[in-house]
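Biologist: I am new to this structure and would be grateful for a close look at one part of it. Please begin with the overall layout and then proceed to the part itself.

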Amino acid sequence: MKKIIVTVITTLVVLAVLFTAYIYSGMYDVSQLTPHNGLTKWMIRTTKHKSINSRLKDIQVPALNDTANFVEGFEHYNEMCVMCHGAPGIEPMEMAKGLYPRPPKFYKADDQPDPDESFWIIKNGIKMTSMPGYGPTHDDKKIWAITDFFLNKMSKMTPEEYQAWIKKYSEKSETPESKSSEVKEEGDKD
Ligand code: HEC
């Protein structure tokens, strides 16, 4: 028994030393342009999937497919998500093409995430990806509106319709007044 314990401890110490040596060696490539190997991909995908699924049970999905949500959801989506995820007729910005993992394009996707999963992801974000968590800045009602818009409305919109919504709902919120007040707020913090 004593021999087994000594062997286990020695193995763990050797592994810890090798692991630390690997970190210090600089061999790991942190470039966004180098894809993960198969094992790392499996580890990340499985960890993410299991982690999110185990956190969904307390989420109460409200009535969705609600047209009242769509306009509010659109305004947030167009302001905060389109640069990474794109929209009908709008490609993600150049910045998003250099991200790894690449943000999925929802309006082209066949397999949309479920509403509770989408809500959780938008609220919390996903560690070690560029997906931000909007929980600190947006209440649950707004996050459901965004979820409803991109799952149930955006996928059915044509590029022309999306452009018409930008004209109708989004351009008016970018008045010079609102821009200058944003600048002032940032300046106040300094
Ligand atoms: C800076 C880029 C960026 C922004 C901005 C961003 N996302 Fe993401 N998002 C990502 C990335 C990258 C992923 C993929 C993460 C992964 O593969 O684990 C992702 C994943 C997601 C997923 C999960 C998709 C799936 O199929 O599992 C949802 C839902 C999502 N984002 C919604 C949003 C919404 C809604 C907004 C705006 C409120 C937003 N994202 C803003 C980068 C971004």
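Which pattern does the protein follow when read along the sequence? After that, please examine α3 closely, together with its surroundings.

Modeller: The model shown is a predicted one. Read along the sequence, its pattern is α-α-α-α-α-α-α-α-α, that is, 9 helices and 0 strands. Of the 190 residues in the protein, 13% are buried. Among contacts with a separation of 6 or more, 69% are between residues 24 or more positions apart.

The helix in question, α3, spans residues 67-80. Before this helix comes the loop between α2 and α3, where asparagine 65 lies. Asparagine 65 has a positive phi of about 60°, although it is not a glycine. With 11 other C-beta atoms within 10 Å, this asparagine is exposed.

Two helix pairs involving α3 can be described in turn. In general, a pair of packed helices is described by the angle between the axes and the distance between them. For α3 and α7, the axes come within 7 Å and cross at roughly 95°. That crossing makes α3 roughly perpendicular to α7. On the α3 side, the contact is made by Asn69, Phe70, Glu72, Gly73, Phe74, His76 and Tyr77. On the α7 side, the residues are Lys142, Trp144, Ala145, Ile146, Asp148, Phe149, Phe150 and Lys153. By class, this contact has 8 nonpolar, 3 polar and 4 charged residues.

The second pair is α3 with α8, which covers residues 159-170. Here the axes come within 11 Å and cross at roughly 100°, and the two helices are therefore roughly perpendicular to each other. Val71, Phe74, Glu75 and Asn78 of α3 meet Trp165, Ile166, Tyr169 and Ser170 of α8. The residues of this contact comprise 5 nonpolar, 2 polar and 1 charged. Phe74 thus appears in the contact with α7 and again in the contact with α8.

The surroundings of α3 also include the ligand. Each of α3, α4 (82-85), α6 (115-124) and α7 (140-153) supplies at least two residues of the shell around the ligand. In total, 25 residues surround the ligand, and the closest are Cys81, Cys84, Pro101, Pro103 and Met131. By class, the shell holds 19 nonpolar, 5 polar and 1 charged residues.

One of those closest residues, proline 101, is found in the loop between α5 (94-97) and α6. A cis peptide bond, with omega of about 5°, joins proline 101 to tyrosine 100. The C-alpha atom of tyrosine 100 is separated by 8.6 Å from that of threonine 34, although these residues are 66 residues apart along the chain. Threonine 34 has its place in the loop between α1 (2-25) and α2, and is exposed, with 10 other C-beta atoms within 10 Å.

Lastly, α6 is another contributor to the shell around the ligand. Its buried residues are Phe119, Trp120 and Ile122. These residues cover an arc of only 170° around the axis, which puts them on the same side of α6. What covers them includes α2 (38-53) and α7, the latter being a helix whose axis comes within 7 Å of that of α3. Just after α6, glycine 125 takes a positive phi of about 70°. Methionine 128, in the loop between α6 and α7, has a positive phi of about 60° although it is not a glycine. Methionine 128 is exposed, with 9 other C-beta atoms within 10 Å.

Note on methods:
Residues are numbered from 1 along each chain as its sequence is written. This is a predicted model: local features need pLDDT of at least 70, side-chain atom pairs count only at pLDDT 80 or more; totals for chains, interfaces and linings use all residues. A residue is near a molecule or strand if its C-beta atom, placed from the backbone, lies within 6 Å of it. Helices (H or I, at least four residues) and strands (E, at least two) are DSSP runs, numbered from the N terminus. Ala, Val, Leu, Ile, Met, Phe, Trp, Tyr, Cys and Pro count as nonpolar, Asp, Glu, Lys and Arg as charged, and the others, Gly among them, as polar. A residue is buried if 20 or more other C-beta atoms lie within 10 Å of its own, exposed if 12 or fewer, and partly exposed in between; C-beta atoms are placed from the backbone. The arc is that of the directions from the helix axis to the C-beta atoms. Two residues are in contact if their C-beta atoms, placed from the backbone, lie within 7 Å. Axes are lines fitted to C-alpha atoms, for helices over the stretch in contact, and angles run from 0 to 180 degrees between N-to-C directions. Angles under 35 degrees count as roughly parallel, over 145 as roughly antiparallel, 65 to 115 as roughly perpendicular and the rest as oblique.
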